[in-house]
Amino acid sequence: MLVLGIESSCDDTAAAVVEDGFLVRSSIVSSQDSIHGRYGGVVPELASRRHIEMIIPVVEEALRGAGVEIKAIDGIAVTRGPGLVGSILVGLSFAKGVSYAKGIPFTGVNHILAHTHAAFLKEEGSEDGSPEFPFVSLVVSGGHTALLLFTGYTQYRMLGQCLDDAAGEAFDKTAKLLGLGYPGGAAIDRLSRSGDPGSIEFTRPFIAKGNLNFSFSGIKTAVLNHIKGAGELDRKSINDLSASFQEAVVDVLVQKALWAAEETDSETIVVSGGVACNSRLRARLKDAGVQKGIKVFIPPPRFCSDNAATVAALGYHQLKNREFADLDLNAIPTWRGF
Ligand code: KG4
Ligand code: ZN
């Protein structure tokens, strides 16, 4: 079964063709970083307009990459939230149009749950196994930080989520304070490699022992106060500050993922979302997994950050469950309590 995935919830226009919920036949992502970079964050109206320009060429390229025509597609999966409403509506309206015109069923997908399905994706020749249920899923992106327990492809329970800034947002805001551009998560990761993570002792926002919610806005304020107090920062100070900030965030993410696994008796942890590209988080989680006897699945970076292959992978299972959408399906920009 071939599913066409469509993703446009933030600032990436993406389309993918995935076979049977795991085999990636093509995955195309058109990033808008160069448009929003100069504003220091995503400008919603510019994002929607760019999605409108890119949606058709990106979908055409995904079909071409998979070597199929639209008539070979068995189902369409499209992100319906959470995200920016104008952006979501571009992908959603496009999916409805194709579904109606070509008589292909479609389903609306939750972007955060879709991130988790990165762990099931395979490409021709890839040999790694897939996570077994039940597993804990840590989704860490620019807009969301969440811990979920997955007991099946579409069965899950929310264990914790962010109460204020998401982890990626904290990375981006810290990068902005340091003049590293937007989005700055990858720049902090890079500079941290030459910095001392123990040079500044930022407090770790655990909220309470065993608590699985997240709160990263305090770290960002601590960084701001540190910068104000430090005056002009030289290269070494920026590297040290980056590494110390990153270590504090990574400490919290690793500890809470382990608490979640312990609380739910899970032997597997899956990590996804753009922040799962972070080299320190990847290394620390792998080490923790070895120490605690927990299997840790961290997909390759191209499937961690926003893409449509994850949307197609989750959508495949929804379509198999006959969760078909009607043409009146609406966007859910703020998707609480899912
Ligand atoms: O999942 P994603 O592509 O989009 C959202 O759904 O938000 O995540 C984007 C986020 C941004 O905040 C970006 O700075 C962060 O992921 N990110 C990183 C790294 N690469 C991307 N954060 C830390 N280290 C990285 N290497
Ligand atoms: Zn995302």
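1. In this predicted model, a reader may begin at Pro183, which is placed in the loop between H5 and H6. The peptide bond that joins Tyr182 to this proline is cis, with an omega of about -15°. The two flanking helices, H5 (167–177) and H6 (185–192), belong with helix H4 (111–116) to the elements that each give two or more residues to the shell around ligand 1.

2. As for the ligand itself, the space that ligand 1 takes up is the largest pocket. Ligand 1 is surrounded by 19 residues, and the closest of these are Gly142, Asp172, Asp189, Gly274 and Asn278. Sorted by class, the shell comprises five nonpolar, 11 polar and three charged residues, and at least three residues come from each of domain 1 (2–121 + 303–320) and domain 2 (135–298).

3. Several contacts of the ligand can be followed atom by atom. An oxygen atom of ligand 1 lies 3.0 Å from a polar backbone atom of Asp306, and an oxygen atom of the ligand is 3.3 Å from a polar backbone atom of Gly143. With His115 the partner is in the side chain, where an N or O atom is 3.4 Å from an oxygen atom of ligand 1. Ligand 1 would expose 560 Å² if taken alone, and the protein buries 87% of that area.

4. Two further backbone details deserve a look. The peptide bond from Gly81 to Pro82 is cis, with omega near -10°, and Pro82 lies in the loop between strand E4 (75–81) and helix H3 (85–102). Asp20, although not a glycine, has a positive phi of about 50°, and this residue is found in the loop between strand E2 (12–19) and strand E3 (23–31).

Terms used:
Residues are numbered from 1 along each chain as its sequence is written. Chains are lettered from A and ligands numbered from 1 in the order in which they are written. This is a predicted model: local features need pLDDT of at least 70, side-chain atom pairs count only at pLDDT 80 or more; totals for chains, interfaces and linings use all residues. Side-chain values use heavy atoms; hydrogens and water are left out. A residue is near a molecule or strand if one of its heavy atoms lies within 4 Å of it. A polar contact is a pair of N or O atoms within 3.5 Å; within protein, one must be able to donate a hydrogen and the other to accept it, and residues adjacent in sequence count only if both atoms are side-chain atoms. Accessible areas come from the Shrake-Rupley method with a 1.4 Å probe; for residues, only the protein chains shown count as cover. On a 1 Å grid over the protein atoms alone, a cavity is a set of points where a 1.4 Å probe fits but cannot get out, and a pocket is an open set with protein on both sides within 12 Å along at least five of seven lines; lining residues have an atom within 4 Å of a point. A molecule sits in a cavity or pocket if more than half of its atoms lie within 2 Å of its grid points. Helices (H or I, at least four residues) and strands (E, at least two) are DSSP runs, numbered from the N terminus. Ala, Val, Leu, Ile, Met, Phe, Trp, Tyr, Cys and Pro count as nonpolar, Asp, Glu, Lys and Arg as charged, and the others, Gly among them, as polar. Domain bounds come from an automatic or database domain assignment.
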